[in-house]
Amino acid sequence: MLEIRDLHVAVGGKEILKGLSLSTAAGEVHAIMGPNGSGKSTLSYVLAGREGYEITGGSIRYRGEDLAAKAPEERAGVGLFLAMQYPVEIPGVTTMNFLKTALNAQRRARGEKEIDALGVLRLVREKAKALHISEEMLKRALNVGFSGGEKKRLEILQLALFEPALAILDETDSGLDIDALKVVADGVNALRAPDRAMLVITHYQRLLNYIVPDRVHVLSAGRIIKEGGKELAHELEAKGYAQIVKDAA
Amino acid sequence: MSALVLPNRRIENWKYTDLRNAIDPAAIESAPTAAWNVASISGAGEQNDLPEIMPRGKHGAMAEYATSLAKSGVFLRVARGQKASAHLQLTQGGHGRALIVVEEGASLMLRQTSLAEGFANIVFDIVLGQDAALSHVKEAPMAANAVRVADYSVRIAPGGAYAAHFADFGAKLSRTELHIALEGEGAEAHLSGVGILGEGRHADVTTRIAHAVGNTQSTQLFKIIAGGKSRGVYQGKISVAEGANGSDSRQTAKGLLLGERAEIDLKPELEILADDVKCAHGAAVGDLDPESLFYLRSRGVAEPEARALLMRAFLEDAVAEIADEAVRTELWSRVEAALAELSA
């Protein structure tokens, strides 16, 4: 599904990713773990197509196509979704209106029929329930005045609504207490599917107790330095990043 | 040679808007009397000829020309305790006068539109009696070659409430002056407006609010979007007279620049001579937030649609000031069309 080869990415002229390679297949959940500054967020942003992230070498192929050539909205259209670490607050746009606009934009891009306001409302309500998202929250301006946990739950609601083929979760656990973490993890687990790949980016092993990955990759200084099964996350937690980096060197 | 001296940037009040660049003085002198059409009037609204003796408020320089050069005008009146709604349309430009009187305890919902495409210089006198209410929504359509100057003087008696929304979709030059006098305790003025300016447009809103007595309230919320090579101006001065304690005044003006060739000037001013007043003001000019734009695009919303959505969001609270739902909905449809044109 996703094939990253020797990827080099610079931000503001500074190289952050320095030859990162990674591949995921449909049905798999991969975790990318790394300390602060290792390039985790850069990887998620470059996959989503944010401006200012310059690919200076290597390639990203998604379902055999060159992802880098696509605009952010086109990537969403072909089934890529990034749950952001810091979802943006947009005053003046209600959450419900945003969900409807985004869902129908993606449906149009896929040549599917748009869903009317009532249909979207029904769909959103059904999915919001499991994530403990209230009607009141959906009426508020997008992410404005939302708590950290509410913002993350709204990201997962979008994941459930858009049903992407490739979901990237960037530090979805940050700022969540244990109850909120469980709600979010349950939401994500419910969306594990044979035709869907997930990339879970995290600093801590904690989230991976709830979203158990098939593969774990350790990112350090812009490269994957170690790969393994789910037990690698526990090893990291026990030894710490410094030791793993040292071992790998 | 014309003897008229047009307001220009050397005059403090016209610092950002120079009429000399937009129109020839001779064209102003020879302009006809503007034509009005009362497109609809319902309830207890009366339409009359202008009275011999006009109540005169405070006006700016161009209003003097309108007053002396307009040969006729329109006069709408709602008698004491009555309710009415009216749609006033300017059908032909030139010099125009209008008088709106809402008597004690009466209320009027006034929509004002324009079909004029050239030069228009209109002076409005609006008088609100005790506890009278006027809801005034003015729409100036996009007219590439129009030069429109409008000057509103609004006098508000105790307990009177004036709520006005001014939407400007762009002209070669547009200047709107609002002189509001809160003359009695409990008088209120709530002004809001949006400006959507494309290539070659210039729009200037200048407000002067005088809290002449205490326990009066004014709010202002103006939003301007400037694209292409255009210029938006808001200058608002609030004066609180000596002894006008308990005055409450809020003023917000925000500008959104869509490119490097657009310019927005915001100039809030306060002149407070009383001790016990609440005054809050804020002004800010910015660009479309790139993070918001990326967020929307990453969710599949194409760039032009995402930009339009953010622009709509920027204007949201100003348009929401229009209390009448039908009028508000209609204005939104025009705002959205204008935004679509701007982002295309």
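Q: Let's start small: in β4(B), what is the bridge partner of B:W36?

A: Strands of a sheet pair through backbone hydrogen bonds, either parallel or antiparallel. Here, in a model that is predicted, B:W36 has B:L90 of β4(B) as its bridge partner. The pairing of β1(B) with β4(B), residues 83–92, is antiparallel and runs over 8 bridges.

Q: And in what order do the strands of the open sheet in chain B come?

A: Follow the neighbours across: β1-β4-β6-β8-β10-β12-β14-β16-β18, which makes 9 strands with mixed pairing. At the edges sit β1 (35–43) and β18 (278–287) of chain B, each pairing on one side only. Ignoring direction, neighbouring strands of this sheet are turned by 5° against each other on average.

Q: Which strands does α4(B) touch where it packs on the sheet?

A: α4(B) touches β12 (188–197), β14 (217–226) and β16 (248–257) of chain B, and its direction makes about 160° with that of β14(B). Helix α5 of chain B, residues 325–343, packs on the sheet too, touching β6 (107–114), β8 (133–140), β10 (161–168), β12 and β14 of chain B. The direction of α5(B) makes about 30° with that of β12(B).

Q: How many helices and strands does chain B have?

A: Chain B comes to 5 helices and 18 strands. Its radius of gyration is 20 Å, close to the 20 Å that the globule rule gives for 344 residues, so chain B is as compact as a globular protein of that length. Of those 344 residues, 51% count as buried. If you look at contacts in chain B with a separation of 6 or more, 84% come from residues 24 or more positions apart.

Q: Over to chain A: at roughly what angle do the axes of α3 and α6 of chain A cross?

A: Two packed helices are described by the angle between their axes and the distance between the axes. For α3 (residues 95–109) and α6 (residues 148–162) of chain A, the axes cross at roughly 35° and come within 11 Å. The crossing is right-handed. A:T95, A:L99, A:L103 and A:Q106 of α3(A) meet A:L154, A:L161 and A:F162 of α6(A). That contact has 5 nonpolar, 2 polar and no charged residues.

Q: How many residues does each chain give to the contact between A and B?

A: Chain B gives 18 residues and chain A gives 20 residues. On the chain B side, α3 (290–298) and α4 (303–319) each supply at least two residues. By class, the side of chain B that touches chain A has 8 nonpolar, 3 polar and 7 charged residues.

Definitions and conventions
Residues are numbered from 1 along each chain as its sequence is written. Chains are lettered from A and ligands numbered from 1 in the order in which they are written. This is a predicted model: local features need pLDDT of at least 70, side-chain atom pairs count only at pLDDT 80 or more; totals for chains, interfaces and linings use all residues. Two residues are in contact if their C-beta atoms, placed from the backbone, lie within 7 Å. Helices (H or I, at least four residues) and strands (E, at least two) are DSSP runs, numbered from the N terminus. Ala, Val, Leu, Ile, Met, Phe, Trp, Tyr, Cys and Pro count as nonpolar, Asp, Glu, Lys and Arg as charged, and the others, Gly among them, as polar. Two strands pair if DSSP finds at least two bridges between them. Axes are lines fitted to C-alpha atoms, for helices over the stretch in contact, and angles run from 0 to 180 degrees between N-to-C directions. A crossing is left-handed if the near helix is turned anticlockwise from the far one by less than a right angle, and right-handed if clockwise. The radius of gyration is taken over C-alpha atoms; the globule rule is 2.2 Å times the number of residues to the power 0.38. A residue is buried if 20 or more other C-beta atoms lie within 10 Å of its own, exposed if 12 or fewer, and partly exposed in between; C-beta atoms are placed from the backbone.
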